[in-house]
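Visitor: I would like a close look at one part of this structure, the place where its two domains meet. Please take me through it step by step.

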Amino acid sequence: MPLSRRLLFRWELPEDFVVTPWDVKGQVDYDRLVTQFGTQRLTPDLLEQIRKIAGELHPMLRRGVFYSHRDLDWILREYGKGNRFALYTGRGPSSGIHIGHMLPWFFAKWLQEKFRAALYFQITDDEKFLFKDFDKLEEATKVGYDNILDIIAMGFDPKLTRIFLDTEYIRHLYPIAVEVAKRITFSTTQAVFGFENSNNIGEIFYTSIQAAPAFLPTAEAGHEVPILIPCGIDQDPHFRIARDVAPKLGYPKPALIHNKLLPSLLGPTGKMSASIPESSIFTTDTEAQAQKKIMNAFTGGRATVEEQRRLGANPYICSIFAQYNYIFEPDDRHLAEVERTCKNGERLCGDCKTELWGKVRTWLKAHHAAREKAKDRIDQFMLHD
Ligand code: TRP
């Protein structure tokens with residue numbers, strides 16, 4: 001299908017929310033995004049196929065946190081034929097890591113274990129420099145190395161995981177990036193990303209750098225390697241372009257599996273943001289900082305205890321419930337119990353906050369320790385030119 005028929009033009013986005021790779025505003029309607037972006041919903045049939053292979057379903061699949069895809073059915077079919085896929089994801093190193101950033105990483109780790117898949121992890125220091133987060137390129141590279149500690153601390157298999165910074169792996173990426181760039185017009189990037197005359201030319205070129213790792217495994221192997229990209233749905237526009245270009249270059253189209261963005265601790269509008277520290281738990285938060293964020297978080301509670309006991313509260317707008325649902329409660333039965341007792345007024349917000357903090361604390365402690373150890377393990381994971 002030609003690009004012009006498939007793409008959502010930026011001016012067609014409804015005004016109540018905006019999702020682009022660099023900007024998420026308002027209360028996102030994830031159902032509408034599927035239609036607008038032209039992706040597919042994960043179906044019960046696909047989930048069943050995954051369960052058969054993996055022996056279980058990851059909680060984020062069961063609960064619809066990962067909810068949309070492109071060509072996942074093809075990935076599973078190829079896998080069934082013995083054609084293993086590789087995973088690709090990435091990080092734009094603009095700041096420290098918060099738990100919202102980690103959703104695709106938790107999931108990629110699970111996929112790596114269940115499918116024994118190689119993982120390519122791109123760190124886009126160039127992107128974060130070009131898009132004005134930093135005055136100096138070295139600053140972005142430095143944050144990139146700091147972020148890599150969090151990635152390694154996730155527990156990826158060093159034999160199957162390759163991490164690279166764009167500025168340090170560019171000789172491998174560039175030949176593919178120029179092939180891609182030649183097939184993308186300025187007007188396409190304008191339509192997809194909303195670029196204008198005032199955007200710098202690095203910003204306009206950048207999407208070809210993000211496309212490159214999707215084709216690198218095939219280029220290196222000399223035969224088709226299917227690629228699956230777990231990522232936030234906000235990153236989809238890059239890969240929509242990459243998928244359009246792929247057949248022209250003789251590469252398989254990368255498949256995608258998309259997650260919803262973790263809601264901010266401050267309330268249901270907007271995703272977690274590094275510029276608002278209270279909006280999320282960061283991996284380098286002290287226990288006291290993290291605890292305070294949870295205790296002050298936005299909930300679906302009532303104005304008074306009396307009212308809440310009588311009328312119940314609303315878990316569906318509650319940022320604490322979202323943390324349980326997305327990450328910190330693997331047990332579906334307990335999650336359902338939290339939901340029920342919240343709605344009927346048996347539970348108060350303080351109960352949930354204290355309970356969640358217990359879970360977050362255990363996780364944070366373990367992550368801090370793994371992050372320390374990661375400092376000596378960087379070489380096991382990195383690719384350089
Ligand atoms: N652009 C992404 C960001 O800002 C980083 C990234 C690069 C990425 N390659 C990716 C994200 C592949 C998901 C999948 O964070």
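Guide: What follows is a walk across the boundary between the two domains, with a short stop at the ligand at the end.

The model is predicted, and the description should be read with that in mind. The domain assignment divides the chain into domain 1, residues 14-265, and domain 2, residues 277-371. Their C-alpha centres are 29 Å apart. Where they touch, domain 1 contributes 23 residues and domain 2 contributes 26 residues.

How much area is buried between domain 1 and domain 2? The figure is about 2,200 Å², and 61% of it is on carbon and sulfur atoms. On the side of domain 1, three residues stand out: Arg 63, Ile 99 and Leu 265 supply 39% of the area that this domain buries against domain 2, more than any other three residues.

Next come the charged and polar pairs. Side chains of opposite charge can pair when their charged atoms come close. Four salt bridges are counted between domain 1 and domain 2, while the count by this rule comes to 27. Asp 332 takes part in a salt bridge with Arg 62, with the closest N and O atoms 2.7 Å apart. Asp 332 also forms a salt bridge with Arg 63, where the closest N and O atoms are again 2.7 Å apart. Arg 63 sits in the loop between α4 and β4 (66-70), and Asp 332 belongs to helix α16 (residues 332-343), so this pair ties together parts that are 269 residues apart in sequence. Across the interface there are also 15 residue pairs in polar contact, both residues being at pLDDT 80 or more.

Which elements give two or more residues to the side of domain 1 that touches domain 2? They are α4 (59-62), α6 (103-115), α8 (137-153) and β10 (263-264). Of these, α8 gives the most, with four residues. Sorted by class, this side of domain 1 has 14 nonpolar, four polar and five charged residues.

The last stop is the ligand. It is surrounded by 15 residues, and the closest are Tyr 88, Gly 92, Gln 122, Glu 127 and Gln 210. A polar backbone atom of Gly 92 is 3.0 Å from an oxygen atom of the ligand. Gln 122 places a polar side-chain atom 2.9 Å from a nitrogen atom of the ligand. For Lys 128, a polar side-chain atom lies 3.4 Å from an oxygen atom of the ligand.

Note on methods:
Residues numbered from 1 in each chain as written. Predicted model: local features only at pLDDT ≥ 70, side-chain atom pairs only at ≥ 80, totals over all residues. Heavy atoms only, no water. Domains from an automatic or database assignment. Contact = heavy atoms within 4.5 Å. Buried area = accessible area lost by both parts, 1.4 Å probe. Salt bridge = Lys/Arg side-chain N within 4 Å of Asp/Glu carboxyl O. Polar contact = N/O pair within 3.5 Å; in protein donor to acceptor, adjacent residues only side chain to side chain. Nonpolar A, V, L, I, M, F, W, Y, C, P; charged D, E, K, R; others polar. Near = heavy atom within 4 Å.
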